[in-house]
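Work through the exercises below with the model open beside you. Try each task before you read its solution.

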Amino acid sequence: MSSIPQRCARRPLAGGLVVPWVSLIHGGHAAFGSLDPRRARIAFLRCLCQICGERLDERCFLIVRPADVIRGCSPEPALHPECLPYTAAHCPMLNGTATHYRRSPVLAKHPAGRPCTDLSCPCPSRSPGEGHAARSGSPADRYEAWMIHTRNYRLVFPPDRPELPSGISLDVPVLRERVLRTATVTPEQQHLMDLWHALMNGS
């Protein structure tokens, strides 16, 4: 297993694992697998690593699925090259431990299993988001890590929410690609990915 990166030495731990800077903290507990919307927005806008929370350096990695290629953007904040191996080794969705997406949103309960009683709380159990609804219960996707130069770091904003980044543009030169977990892709996804690669390679 990958050891804790030096950049994350000061990050809190939960169950022996580093709590990513963008993770939702609910009821004093880390909800691994769920992004804190406010912190994710800050990470996007300030070019911060989603794991350690420090500013990105010359190069960074983007987590990419076939559906992200089709949309043209990675919906998660980027990572330092040093933080990626640790994340790939310990995240169940990236290391292959999780074979399917959750049918319900990330656990957002107190330790005793009681449901959240705060009606004003924006926790995942109340606002699962479009991404979760689309993937609920589906087999896990293929995940890749794409290295880009931070000078090509560009955010994508939805027309109706210009203040809220929807992700990092994939329409940029890719320095390196690394497969994190394999999975079957649909013929349509493969066709669109092949087209994307052809465009990026100028063929």
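The exercises go from the whole chain to single residues, and the model is a predicted one.

**Exercise 1. The chain as a whole**

Task: State how many helices and strands the protein chain has, and what share of its residues is buried.

Solution.
- Step 1. Count the elements. The protein chain has six helices and ten strands.
- Step 2. Turn to burial. Of the 203 residues, 40% count as buried.
- Step 3. Look at the contacts with a separation of 6 or more. Residues 24 or more positions apart account for 69% of them.

**Exercise 2. Helix 1 and its surroundings**

Task: Find the buried residues of helix 1 and the strands they pack against.

Solution.
- Step 1. Locate the helix. Helix 1 covers residues 37-46.
- Step 2. Pick out its buried residues. They are Ala 40, Ile 42, Ala 43 and Phe 44.
- Step 3. Recall a rule. An α-helix has 3.6 residues a turn, so residues three or four places apart point the same way.
- Step 4. Name the partners. The buried residues pack against strand 4 (29-35), strand 6 (73-74), strand 8 (155-156) and strand 9 (167-169).
- Step 5. Check what comes after the helix. Cys 47 follows helix 1, and its phi is positive, near 55°.

**Exercise 3. A buried charge**

Task: Asp 36 is buried. Work out what its side chain does there.

Solution.
- Step 1. Place the residue. Asp 36 sits in the loop between strand 4 and helix 1.
- Step 2. Look for a salt bridge. Asp 36 has none. The nearest side chain of opposite charge belongs to Arg 38, 4.8 Å away. A salt bridge needs the atoms within 4 Å, so this pair does not qualify.
- Step 3. Look at the backbone instead. A side-chain oxygen of Asp 36 lies 2.9 Å from the backbone nitrogen of Arg 38. In this way Asp 36 caps the N-terminal end of helix 1.
- Step 4. List contacts, leaving aside neighbours within four places in sequence. Asp 36 touches Val 22, Ser 23 and Leu 24.

**Exercise 4. Strands and their pairing**

Task: Describe how strand 3 pairs with strand 4, then give the order of the strands in the open sheet.

Solution.
- Step 1. Take strand 3, residues 23-26. Four bridges join it to strand 4, and the two run antiparallel.
- Step 2. Find one bridge. Leu 24 has Ala 31 of strand 4 as its bridge partner.
- Step 3. Inspect the turn. The hairpin has two residues between the strands, and Gly 27 takes a positive phi near 60°.
- Step 4. Go to the open sheet. Its three strands have the order 6-9-8, with antiparallel pairing.
- Step 5. Find the edges. Strand 6 and strand 8 each have a single partner strand, so one side of each is left without a neighbour in the sheet.
- Step 6. Check one pair. Two bridges join strand 6 to strand 9. Ser 74 has Ile 168 of strand 9 as its bridge partner.

**Exercise 5. The nonpolar cores**

Task: Which residues touch the most other members of the largest nonpolar core?

Solution.
- Step 1. Note the count. The largest nonpolar core has 34 residues.
- Step 2. Name the residues asked for. Leu 62, Tyr 153 and Leu 180 touch the most other members.
- Step 3. See which elements give two or more residues. They are strand 5 (59-64), helix 3 (84-90), helix 4 (92-95) and strand 7 (143-149).
- Step 4. Follow Tyr 153. Beyond its neighbours within four places in sequence, its contacts include Ala 43, Phe 44, Cys 47 and Ile 168.

**Exercise 6. Salt bridges**

Task: Trace the salt bridges of Arg 7 to Glu 54 and Asp 57, and say which parts of the chain they link.

Solution.
- Step 1. Start with the total. The count comes to nine salt bridges.
- Step 2. Take the pair of Glu 54 and Arg 7. Their side chains meet at 2.7 Å, N to O. Glu 54 lies in the loop between helix 1 and strand 5 and Arg 7 in the segment before strand 1 (13-14), so the pair ties together parts 47 residues apart in sequence.
- Step 3. Take the pair of Arg 7 and Asp 57. Their side chains meet at 2.3 Å, N to O. Asp 57 is in the loop between helix 1 and strand 5, and the pair is 50 residues apart.
- Step 4. Check exposure. Arg 7 is partly exposed at 21% relative accessibility. Glu 54 is partly exposed at 34%, and Asp 57 at 37%.
- Step 5. Join the pieces. Arg 7, Glu 54, Asp 57 and Glu 82 are linked in a network of salt bridges.

Methods. Residues are numbered from 1 along each chain as its sequence is written. This is a predicted model: local features need pLDDT of at least 70, side-chain atom pairs count only at pLDDT 80 or more; totals for chains, interfaces and linings use all residues. Side-chain values use heavy atoms; hydrogens and water are left out. Buried means under 20% relative accessible area, exposed over 50%, partly exposed in between (1.4 Å probe, protein chains only). Contact means heavy atoms within 4.5 Å. A polar contact is a pair of N or O atoms within 3.5 Å; within protein, one must be able to donate a hydrogen and the other to accept it, and residues adjacent in sequence count only if both atoms are side-chain atoms. A nonpolar core is a set of buried Ala, Val, Leu, Ile, Met, Phe, Trp, Tyr and Cys residues joined through side-chain atoms within 4.5 Å. Lys and Arg count as positive and Asp and Glu as negative; His and the chain ends are not counted. Two strands pair if DSSP finds at least two bridges between them.
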